[in-house]
Amino acid sequence: MNYQALADKIKIWGQELGFQKVGICDVDLSEHEAELQKWLDAGYHGEMDWMARHGMMRARPSELLPGTVRVISVRMDYLPPEAQFAANLSDPTQAYVSRYALGRDYHKLIRNQLKKLGQKIEQEVGQFGHRPFVDSAPILERPLAQKAGLGWTGKHSLILDKECGSWFFLGELLIDLPLPVDEASVDQCGKCKACITSCPTQAIVDEGIVDARRCISYLTIEFDGVIPEEFRRAMGNRIYGCDDCQLVCPWNRFSELTKQEDFHRREALKNANLTELFLWDEATFLKNMEGSAIRRIGHLQWMRNLSIAMGNAPYSMEIIDALQQRTGLSEVLDTHIQWALSQQQAQLPLSSTKLDRLIRIVEKGLPRDA
């Protein structure tokens, strides 16, 4: 079999299936095992127990799928048109959602395209061992992407490509065919530390190392408990994820808009007023977020995140009334509502007593008409 010719065809097929770049690498990630263990030992994974559950399998793709000798790594751009970064972040009455989550959930879309890529290869060579992954298994996708030439690991830990920046998803197709491998990408961040210095919560504790416990993306998406007070003000109006480290990256000047309409901003998140989103009942939340990655955090966590943003917003009786309407649903939510009310109160003259009464209602669990 002419494996070089097959590799060339795979890259063409990948682009035809909507991937902007396709690379191939071997499965040796042994050089990353020590740093992975050090990261886990430091507790930087927070409560994401699944990060540690499979030991070093994450750095050993051949254990994940026995027989694997190569990984086809793919990139799909997601930056939507009219991203409105500055306008969204600078308006504290509007909700900021990480740009990857404005449209449809990427997992199923990319996985389906990887399956089709596997089928095309099968039509060419016959039956072979393969399996697609999109954030769905313990695998170090970023080191694999770097080995496959899709980009280098930036100081914010994301993959960067000099031609397109970092606004893209990754996916992998594990295969048992000994295809020729691509040249690995070389670090081109230089002395730039813009991502490190711009992180609102100082979550990038060293070059390429993120303490998830401080990261707004982790806190708003993966963590379902009480968000530490020390991070709440810094969260601003970011209710789902955070893009700050990417926004300041010079390489993102070269980013291209996505060709996938599925990743465009959904209607429900246009002009996303905090109070309006907070007052969605669960049925409305589920309906408006159907097919979205946001749906998986659930309605209570959605309101928890929004309550923090509402606490950070300018004083508004509309916000106060909305917060009071949602008291008593859960202890975790009430903790954040109480904080938000206190932040609103701090913007009032000292003579005001109405908000004091509302806070006492939340604290003591009194009836709302007390």
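Axes are lines fitted to C-alpha atoms, for helices over the stretch in contact, and angles between N-to-C directions run from 0 to 180 degrees. The model is predicted, with local features requiring pLDDT of at least 70 and side-chain atom pairs counting only at pLDDT 80 or more, whereas totals for chains, interfaces and linings use all residues. Residues are numbered from 1 along each chain as its sequence is written, and side-chain values use heavy atoms, with hydrogens and water left out.

**View 1. Helix α1 against helix α6.** The two helices, α1 (residues 3–16) and α6 (residues 106–125), pack at an angle of about 145°, and their axes are 10 Å apart; helices (H or I, at least four residues) and strands (E, at least two) are DSSP runs numbered from the N terminus. As α1 passes α6, the crossing is right-handed (the near helix is turned clockwise from the far one by less than a right angle; anticlockwise would be left-handed). On the α1 side the contact (heavy atoms within 4.5 Å) involves L6, K9, I10, W13 and G14, and these meet L117, K120, I121, E124 and V125 of α6. By class, the residues of this contact divide into 6 nonpolar, 1 polar and 3 charged, where Ala, Val, Leu, Ile, Met, Phe, Trp, Tyr, Cys and Pro count as nonpolar, Asp, Glu, Lys and Arg as charged, and the others, Gly among them, as polar.

**View 2. The open sheet and the helices that lie across it.** In this view 4 antiparallel strands form an open sheet in the order β1-β2-β7-β4, two strands being paired if DSSP finds at least two bridges between them. Strands β1 (21–25) and β4 (130–133) stand at the edges with a single partner strand each, so one side of each is left without a neighbour in the sheet. From one strand to the next, the twist averages 20°. Strand β4 is joined by 4 bridges to the antiparallel strand β7 (residues 168–175), and R131 stands opposite L174 in β7. Helix α1 lies across β1 and β2 (70–77), running at about 145° to β1, while helix α6 lies across β2, β4 and β7 and runs at about 35° to β7.

**View 3. Helix α14 beside helix α16.** Helix α14 (residues 299–312) packs on helix α16 (residues 331–345) at an angle of about 15°, with 8 Å between their axes. That angle makes α14 roughly parallel to α16 (under 35 degrees; over 145 counts as roughly antiparallel, 65 to 115 as roughly perpendicular and the rest as oblique). The crossing of α14 past α16 is left-handed. Among the contact residues are L300, M303, R304 and I308 of α14, together with V332, L333, H336 and W339 of α16, and the residues of the contact divide into 9 nonpolar, 6 polar and 1 charged.

**View 4. Helix α15 against helix α16.** Helix α15 (residues 317–325) packs on α16 at an angle of about 160°, and their axes are 10 Å apart, which makes α15 roughly antiparallel to α16. This crossing, too, is left-handed. Residues I319, I320 and L323 of α15 make the contact with I337, A340, L341 and Q344 of α16, giving 6 nonpolar, 1 polar and no charged residues.

**View 5. The contact of domain 1 with domain 2.** The chain is divided into domain 1 (1–270) and domain 2 (273–369), with bounds that come from an automatic or database domain assignment. The C-alpha centres of the two domains lie 32 Å apart, and their contact takes 30 residues from domain 1 and 29 residues from domain 2.
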